[in-house]
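Q: I have a two-chain model open and would like to learn how to read it. Could you walk me through its features one by one?

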Amino acid sequence: MSTSGDRTSPATLAESPLTTADVNVPTPPVRRGGPGIRGRQSAAGWLFVAPALAILLIFLVIPIGLAFYVSLTKWDGLSSPFGGGAKWVGIGNYKNLLTQDSLTRQNFSSSVRNNFYFVLIAVPSQTALSLFLAVLLNNKMLKGKGFFRTAFYFPSVTSSIAITLVFLFLFSGSGAVNTLLGYVGINGPNWLADSDGVFHNILGGFGIDSPPGWAKHEFMNLSWWDWLSGPSVAICVIIILVVWTTAGTFMLMFLAALQNIGEELDEASELDGASSWQRFRYVTVPMLRPTLYLVLTLGLIGTWQVFDQIYLTGNNPATTTPAFLSFSQSFNNQAFGVGAAIAFLLFGLIIVLSTIQRRLIGDRD
Amino acid sequence: MSTRSYTSAPRRTLGYLALVVFAVIYLGPFIIQIATSFKTDADAANHSLSLIPRPVSTNAWQRLFGYGSGEAVPFGRWLTNSIIVATCITLGRVFLDSLAGYALARLQFRGRRLIFAGVLATLAVPGVVLLIPRFLILKQLTLYNSYAGMILPIMVDAAGIFIMRQFFLQVPVELEEAARIDGAGIFKTYWTVVLPLVRPGLLTLTILSFQGSWNEFSFFLVATSDAKYNTLTTGLAKFSSGSLGSGTQYPVNMGAALLTTIPVAILFFLFQRQFSGSQLSGGVKG
């Protein structure tokens, strides 16, 4: 420890912690510490990170390894899987899910289909809505924006369980939404109990009620007709709910980015005679590209994991997602090996999709 | 800006109109929720859009607090559990995340970069992938169905470590060096000199941790099966999805959901800046 220079007593430091000018330490001997300091820092460094590191290792890293092992076994969740309670099946669980005809595989296929349509509709919708709200709130001419900003953002911070319960009530058979639809003469569906695919319903409107020959062929235990069903009416409720709750968070991200763009550019292009749509499309949107990428990525990762909301809709094939299927296979059917395998397949899918997305629209710098 | 004044009046009206429409869409569900909690079961089911309960009934609220007619709702227990668990997780995160964040920001030690990279890597693991792993480890450590099992695994979070590291990086390094030259130990320097300087960071982390653990659902679902460990989220979810037998008792459901929302709502209105600031830590200037 080097002790040159005039000392500042700890007391003075505590009294004026922020004024570096007072702590007038002549700095020559501070050569990033001598061996003594480095040794002490090294020990302290490890000591400081040790508790956090231990918890992350014990409750996050190691368990993922254990679960991967379980995904290669048949285990009922009761005995210890490492003391002979689990039967080794190798890649059997993965193979069954992907190649063997079975009810489980059919459920897996439906869950992937459900979640695929969920992502396909929810991600663009939440991005568009949040951008729209941000542009609206960025308008200098409007007053009282703080109130609206708070209102739009508030659902993002509330409990997913609490807010889903409210939506299940609003979309119940005789709920508020159907009452409103009734005022304009629409006989609303019994939303959450309705497992019909939206695309099927639209085709039904044109008189096509049954699959053409080619669509009867199956892929992964699900006919092409069922793959192309579109989102079920029931899952549309969850889509609306998720778009409604997440838009506030993404709106704030867009709002911050919009405020960074500044007005000069906008005014310059306005003087050049660009219409407001042209200015938005060719000036604002390109500047928002990094935020757009962030929002789309977070949206993609989040929507492939939808779980809490699905749990509340009950064990319903029309709304099941891979995340929920992984849970119900494990905890309701005691097939933990299959459940873990589904979780890892989902993990892989999320990684692949976010990599593709980065290739397509990521920062190219 | 003469071009603007032509269009500004109708456009402003349009802007306000859009804001009001969305405000109704965003606030409407909460208003209906409050109104419904004061209705009778029949009134809630038959006049779900009405904002005026006819008759006004406080039965749902009485049931939540152990009075009133109908099956009792163990709301008090859920609330107590939520408070215990959220408080412990919050304290743990604030203390341990900031310790680790400080070491990663300021202390020189072998392996620091590797650890930091590792912490960031855990952020990429999707939460739902962790459900079975966490159940497994709790079983192995015989922590399944215990408060310790609900608290320990999420008492540290990588995002919190990252946030605290960013705050520590902004503290002028001269202050620490001065304190050390005066002979203060590393922990004492950290505790008495540096920590007070990152109060805004600690506040942000406290609020986010509390909100996160208060709203946590899926982890508690796999960490416990015994009803005495139900929190507001798991208790409410099991109650309403019928495993406790009452799918359509809307007033009680709405009241319990409302009470679950209120603590976070209060935090939100008091500390909105910390909430929104943290959302923007993804690289955009706030």
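## Reading the model, feature by feature

A: Let's start with confidence, since this is a predicted model. Among the elements of chain A, helix H1 (residues 10-15) has the lowest mean pLDDT, 35, while helix H7 (residues 160-170) has the highest, 95.

Q: What does chain A average in pLDDT?

A: Chain A averages a pLDDT of 84, and 88% of the residues score at least 70. Take care at the start of the chain: over residues 1-35 of chain A the pLDDT stays under 50. For that stretch, the model has 43 contacts beyond four places in sequence.

Q: And which elements of chain B have the lowest and the highest mean pLDDT?

A: In chain B, helix H15 (residues 272-279) has the lowest mean, at 70, and helix H7 (residues 147-151) has the highest, at 97. Chain B as a whole averages 88, with 92% of the residues scoring at least 70. Residues 1-6 of chain B stay under 50, and the model gives them one contact beyond four places in sequence. Residues 281-286 of chain B are also below 50, and that stretch has twelve contacts beyond near neighbours in sequence.

Q: What ipTM and pTM does the predictor give the complex?

A: The predictor gives an ipTM of 0.90 and a pTM of 0.87 for the complex.

Q: On to the interface. How many residues does each chain bring to the contact?

A: People often describe the size of an interface by the accessible area lost when the parts come together. Here we can go by residue counts: chain B gives 93 residues and chain A gives 92. On the side of chain B that touches chain A, the largest share comes from helix H1 (residues 2-37) of chain B, with 15 residues. By class, that side of chain B has 58 nonpolar, 26 polar and nine charged residues.

Q: How many helices and strands does chain B have?

A: Chain B has 15 helices and zero strands. Its radius of gyration is 24 Å, well over the 19 Å that the globule rule gives for 286 residues, so chain B is more spread out than a compact globule. Along its principal axes, the C-alpha trace of chain B spans about 75 × 75 × 35 Å.

Q: How do I read a pair of packed helices?

A: Two packed helices are described by the angle between their axes and the distance between the axes. Try helix H8 (residues 158-169) and helix H11 (residues 199-215) of chain B: they pack at about 165°, with axes 10 Å apart. An angle over 145 degrees counts as roughly antiparallel, so that is how H8(B) runs relative to H11(B). H8(B) passes H11(B) in a right-handed crossing.

Q: Which residues of H8(B) and H11(B) meet?

A: From H8(B) you have B:Gly160, B:Ile163, B:Met164 and B:Phe167, and they meet B:Gly201, B:Thr204, B:Leu205 and B:Ser209 of H11(B). By class, that contact has four nonpolar, four polar and no charged residues.

Q: At what angle do H14 and H17 of chain A cross?

A: Helix H14 (residues 289-303) and helix H17 (residues 336-361) of chain A cross at roughly 165°, and their axes come within 10 Å. H14(A) and H17(A) are therefore roughly antiparallel to each other, and their crossing is right-handed. Among the residues that meet are A:Tyr293 and A:Leu296 in H14(A), and A:Ile350 and A:Leu353 in H17(A). This contact has seven nonpolar, three polar and no charged residues.

Q: How about H9(B) and H10(B): oblique or antiparallel?

A: Helix H9 (residues 173-181) and helix H10 (residues 186-194) of chain B cross at roughly 130°, their axes coming within 10 Å. That makes H9(B) oblique to H10(B). H9(B) contributes B:Leu175, B:Glu176, B:Ala179 and B:Arg180, while H10(B) contributes B:Thr189, B:Val193 and B:Val194. By class, the contact has four nonpolar, one polar and two charged residues.

Q: Last one, the backbone. Where is B:Pro55, and what is the peptide bond from B:Arg54 to B:Pro55, cis or trans?

A: B:Pro55 sits in the loop between helix H2 (41-46) and helix H3 (59-64) of chain B. The bond from B:Arg54 to B:Pro55 is cis, with omega near -5°. In chain A, look at A:Met220, in the loop between strand S3 (218-219) and strand S4 (222-223). Phi of A:Met220 is near 55°, a positive value in a residue other than glycine.

Note on methods:
Residues are numbered from 1 along each chain as its sequence is written. Chains are lettered from A and ligands numbered from 1 in the order in which they are written. This is a predicted model: local features need pLDDT of at least 70, side-chain atom pairs count only at pLDDT 80 or more; totals for chains, interfaces and linings use all residues. Two residues are in contact if their C-beta atoms, placed from the backbone, lie within 7 Å. Helices (H or I, at least four residues) and strands (E, at least two) are DSSP runs, numbered from the N terminus. Ala, Val, Leu, Ile, Met, Phe, Trp, Tyr, Cys and Pro count as nonpolar, Asp, Glu, Lys and Arg as charged, and the others, Gly among them, as polar. Axes are lines fitted to C-alpha atoms, for helices over the stretch in contact, and angles run from 0 to 180 degrees between N-to-C directions. Angles under 35 degrees count as roughly parallel, over 145 as roughly antiparallel, 65 to 115 as roughly perpendicular and the rest as oblique. A crossing is left-handed if the near helix is turned anticlockwise from the far one by less than a right angle, and right-handed if clockwise. pLDDT is the predictor's confidence in each residue, from 0 to 100. The radius of gyration is taken over C-alpha atoms; the globule rule is 2.2 Å times the number of residues to the power 0.38.
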